[in-house]
There are 2 protein chains.
Amino acid sequence: MRVLILGADGYLGWPTAMHFSNKGDDVVAVDNFSKRFWELELGIETLEPVPTLHRRIARWRQVTDRVIELRVGDLTNHRFVYKLLEEIRPDAIVHYAEQPSAPYSMHSRTNAVNTQVNNIVGTLNLLFAIRSYCPNTHLVKLGTMGEYGTPNIDIEEGYITINHNGRSDVLPFPKQPGSFYHLSKVHDTHNIAFVCNIWKLAATDLNQGVVYGIETADTARDPELRTAFHYDSVFGTVLNRFLVQAVCGIPLTVYGEGGQTRGFLNINDTLRCVELAVRNPAKAGEFRVLNQFTEQFSVLDLATRVQAAGARGGMKVEIARVANPRVEKEHHYYNAKHSKLPELGLVPNLLTDEVLDRMLATVRGHAHRINRDIVQPSIAWAQKHP
Amino acid sequence: MRVLILGADGYLGWPTAMHFSNKGDDVVAVDNFSKRFWELELGIETLEPVPTLHRRIARWRQVTDRVIELRVGDLTNHRFVYKLLEEIRPDAIVHYAEQPSAPYSMHSRTNAVNTQVNNIVGTLNLLFAIRSYCPNTHLVKLGTMGEYGTPNIDIEEGYITINHNGRSDVLPFPKQPGSFYHLSKVHDTHNIAFVCNIWKLAATDLNQGVVYGIETADTARDPELRTAFHYDSVFGTVLNRFLVQAVCGIPLTVYGEGGQTRGFLNINDTLRCVELAVRNPAKAGEFRVLNQFTEQFSVLDLATRVQAAGARGGMKVEIARVANPRVEKEHHYYNAKHSKLPELGLVPNLLTDEVLDRMLATVRGHAHRINRDIVQPSIAWAQKHP
């Protein structure tokens with residue numbers, strides 16, 4: 001298949017590009033490197049330096065003799081998107097090309113507006129280009145479990161049957177996003193669902209949980225094929241951050257009570273889920289929603305697991321309950337369905353002690369690189385400034 | 001009270017500004033005249049020429065000795081919004097300042113993107129400015145009943161109690177908007193609900209039905225105080241369009257089967273509803289949603305009513321079922337709740353034969369002005385063009 005990976009320089013985009021290329025698919029990688037720019041703005045560093053996308057693609061060819069094609073451009077430039085799709089006409093588009101951080105979006109008015117404009121306009125341009133040049137392509141869009149918030153009822157996969165006053169309908173599951181970033185994903189969801197209906201496009205929305213992990217089968221082939229591992233409070237996901245904090249002796253930053261419960265998955269399962277979505281496409285006119293995670297944990301659960309992994313490795317790990325910079329419930333019901341991807345064939349890689357120990361060992365091997373200045377949370381949801 | 005009217009040059013904005021000014025409130029009117037620009041783009045004319053906002057405000061002062069203050073500026077310019085709120089610090093903000101047309105938003109990629117960016121960024125800038133300079137102000141935002149779409153269950157006012165798998169929660173009513181414009185309103189809704197939660201702002205979302213009517217008590221005071229009456233297929237609402245079609249002998253353009261049912265209200269009730277919302281503000285942290293309409297009609301019901309009004313006036317009015325340019329259900333269940341505004345004191349002006357006859361007579365008085373070229377629908381939802 002011809003697979004277009006948008007946001008191919010990212011934590012998940014690069015391993016996804018290699019994953020499809022390794023399976024023999026014809027991969028075109030697109031990025032505008034805006035995330036690297038946002039990292040520079042904030043002084044954020046990855047655990048190991050990440051080679052340029054150009055260099056990684058060249059290295060991939062040396063190692064595997066497979067070609068990933070690179071196009072550099074910005075989805076908010078509709079001329080770029082139109083020309084790209086007119087020329088490539090992919091069978092599937094994997095769309096990671098969005099500003100992905102909740103704290104980044106909450107930093108200021110500028111960041112809130114830029115996040116929403118970047119994500120909404122990029123996706124709208126993509127939808128119009130698909131309509132014009134490849135209306136039969138399958139759009140696989142990365143959403144987030146955070147679109148649902150933490151309702152006091154079971155979370156279904158995208159839709160819910162509501163019985164009300166003696167009547168019934170299957171309706172979009174109500175959304176309660178918790179940041180300007182999560183809001184941008186909800187806006188995308190509504191926009192994409194609409195065009196699937198009116199233009200009969202085919203799309204799958206992968207409402208992904210929190211991803212953890214450092215390596216995939218392909219990144220492990222060569223140091224120059226690594227992906228970005230963020231441990232800072234802006235782009236780092238919670239488990240990845242806890243591992244770094246454990247290694248450098250910073251008490252794990254549990255926000256508030258730590259009862260916040262979310263869905264989690266291993267980076268290797270992200271690759272498998274995206275592949276399952278691509279190989280089993282949505283139908284024309286269908287807006288399919290899959291909840292993409294494998295296990296639920298509370299933040300305190302995770303901290304305790306990391307503490308235990310540290311103890312097994314001879315490290316004393318402390319847990320700190322820091323003032324919660326976010327506005328969110330710290331104790332709540334959470335039961336999110338996630339059976340559709342297993343039905344398509346997903347066999348989860350669960351967070352075993354062995355997996356945790358291996359990740360911790362990997363982070364320890366790079367302990368000298370850790371910048372302690374970027375670990376603590378610095379962006380508050382409720383702050384007031386003109 | 002000090003009341004800020006955003007979008008004060010519009011069909012509803014101008015009568016609202018006069019309404020509050022007449023009650024003795026201190027009114028500041030804001031517009032950037034973008035709607036007049038969009039009209040020029042499309043060659044659209046109002047039934048009668050509409051004096052500039054500057055001239056109408058000057059005339060208002062001559063007629064009533066009351067002062068409406070004018071500020072010209074664009075909400076997507078955050079510096080303008082910040083300075084405005086820092087200086088005015090209003091008690092209430094009535095926010096009409098959005099691109100208001102579904103067909104306009106469906107015309108092209110450019111219009112879809114501009115509608116969403118204009119509406120979302122303008123509203124985000126406003127929310128940040130409120131947080132910084134007047135966090136206790138009450139934001140009254142015009143939404144639309146179209147945010148809900150046409151679900152097969154009763155439509156509640158903003159929220160619905162969902163019982164599911166033995167548990168229960170009150171959640172935002174699921175949204176199924178039917179155009180890029182309606183989508184922009186849903187995006188606003190989610191953004192505003194979020195900041196009410198995290199910043200404890202107070203907002204009322206008026207999910208308004210389709211407005212009809214030509215005159216209010218204040219526009220009738222003087223010809224130079226009139227408001228814009230659109231009868232074209234882009235900015236004209238359906239009943240207003242039907243009246244013009246009846247007068248100039250064009251068969252009424254019922255889209256498809258005409259079973260599309262919506263909530264409707266008289267322009268005078270819009271003024272009363274907005275006033276009730278302003279006088280009875282939402283609480284800090286509350287995102288209050290009121291469904292703002294007084295009666296439900298199907299499009300075919302309305303056409304039949306106009307046909308009968310024509311017959312009473314000695315005109316033979318035909319009804320044409322034109323191919324539906326929109327993608328929407330033409331037969332569906334529709335029962336939308338709207339009891340909260342009556343509970344606040346709204347006494348509806350219903351669409352009586354007398355009201356219809358008076359509107360029809362007014363339009364007949366300006367029949368010589370009607371431009372037949374702008375009446376027929378010209379923008380299709382499902383069209384394919386690169």
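**Note on the predicted two-chain model**

1. Leu346(B) sits in the loop between helix H11 (340–344) and helix H12 (353–364) of chain B. The model is a predicted one, and the points below start from this loop residue before turning to the sheets and the interface. Leu346(B) counts as buried, because 20 other C-beta atoms lie within 10 Å and the cut-off for buried is 20 or more.

2. What does Leu346(B) touch, leaving aside residues up to four places away in sequence? The list is Asp269(B), Arg272(B), Cys273(B), Leu276(B) and Leu341(B). For Arg272(B), the C-alpha atom is separated from that of Leu346(B) by 6.9 Å, although the two residues are 74 apart along the chain.

3. Asp269(B), Arg272(B), Cys273(B) and Leu276(B) are also among the buried residues of H9(B). In general, an α-helix has 3.6 residues a turn, so residues three or four places apart point the same way. The other buried residues of H9(B) are Ile267(B), Thr270(B), Val274(B), Glu275(B), Ala277(B) and Val278(B). With ten of its 13 residues buried, H9(B) is largely enclosed by the rest of the structure.

4. The length of helix H9 of chain B (residues 267–279) can be checked against its residue count. At 1.5 Å a residue, its 13 residues should span 18 Å, and the end C-alpha atoms are 19 Å apart, which agrees.

5. Chain B has an open sheet of seven strands with parallel pairing, in the order S3-S2-S1-S4-S5-S8-S12. At its edges are strand S3 (68–72) and strand S12 (287–292) of chain B, each of which pairs on one side only. Ignoring direction, neighbouring strands of this sheet are turned by 20 degrees against each other on average. Helix H3 (residues 53–64) of chain B lies across strand S2 (26–31) and S3 of chain B, and runs at about 170 degrees to S3(B).

6. Within that sheet, strand S5 (residues 138–144) of chain B is joined to strand S4 (residues 92–95) of chain B by four bridges, and the two run parallel. Ala92(B) has His138(B) as its bridge partner in S5(B), and Ile93(B) has Leu139(B). S5(B) is also joined to strand S8 (residues 202–208) of chain B, in this case by seven bridges and again parallel. Here the bridge partner of Lys141(B) in S8(B) is Asp205(B).

7. Is S5(B) largely enclosed or largely open? Seven of its seven residues are buried, so S5(B) is largely enclosed by the rest of the structure. His138(B), Val140(B), Leu142(B) and Thr144(B) point one way from the strand, while Leu139(B), Lys141(B) and Gly143(B) point the other way. Lys141(B), a charged residue, is thus among those that are buried.

8. In chain A, seven strands form an open sheet with parallel pairing, in the order S3-S2-S1-S4-S5-S8-S12. Its edge strands are strand S3 (68–72) and strand S12 (287–292) of chain A, which pair on one side only. From one strand to the next, the twist averages 20 degrees. Strand S4 (residues 92–95) and strand S5 (residues 138–144) of chain A pair in the parallel sense over four bridges, with Ile93(A) opposite Leu139(A) in S5(A).

9. A turn of 180 degrees, with a shift of 0.0 Å along the axis, lays chain A on chain B with an RMSD of 0.0 Å. The two copies are therefore related as by a two-fold rotation axis. The same surface serves both copies, since 100% of the contact residues of chain A recur in chain B.

10. Across the interface, 44 residues of chain A are in contact with 44 residues of chain B. On the chain A side, helix H6 (109–133), strand S6 (159–164), strand S7 (167–172) and helix H7 (180–199) each supply at least two residues. H6(A) gives the most, with twelve residues. The residues on this side divide into 24 nonpolar, 13 polar and seven charged.

11. S6(A) and S7(A), both named in the interface, run antiparallel and are joined by six bridges. Ile160(A) stands opposite Leu171(A) in S7(A). The hairpin of these strands has two residues between them, and Asn165(A) takes a positive phi near 50 degrees.

Terms used:
Residues are numbered from 1 along each chain as its sequence is written. Chains are lettered from A and ligands numbered from 1 in the order in which they are written. This is a predicted model: local features need pLDDT of at least 70, side-chain atom pairs count only at pLDDT 80 or more; totals for chains, interfaces and linings use all residues. The expected span of a helix is 1.5 Å times one less than its number of residues. A residue is buried if 20 or more other C-beta atoms lie within 10 Å of its own, exposed if 12 or fewer, and partly exposed in between; C-beta atoms are placed from the backbone. Two residues are in contact if their C-beta atoms, placed from the backbone, lie within 7 Å. Two strands pair if DSSP finds at least two bridges between them. Axes are lines fitted to C-alpha atoms, for helices over the stretch in contact, and angles run from 0 to 180 degrees between N-to-C directions. Copies are superposed by least squares on the C-alpha atoms of residues with pLDDT of at least 70 in both.
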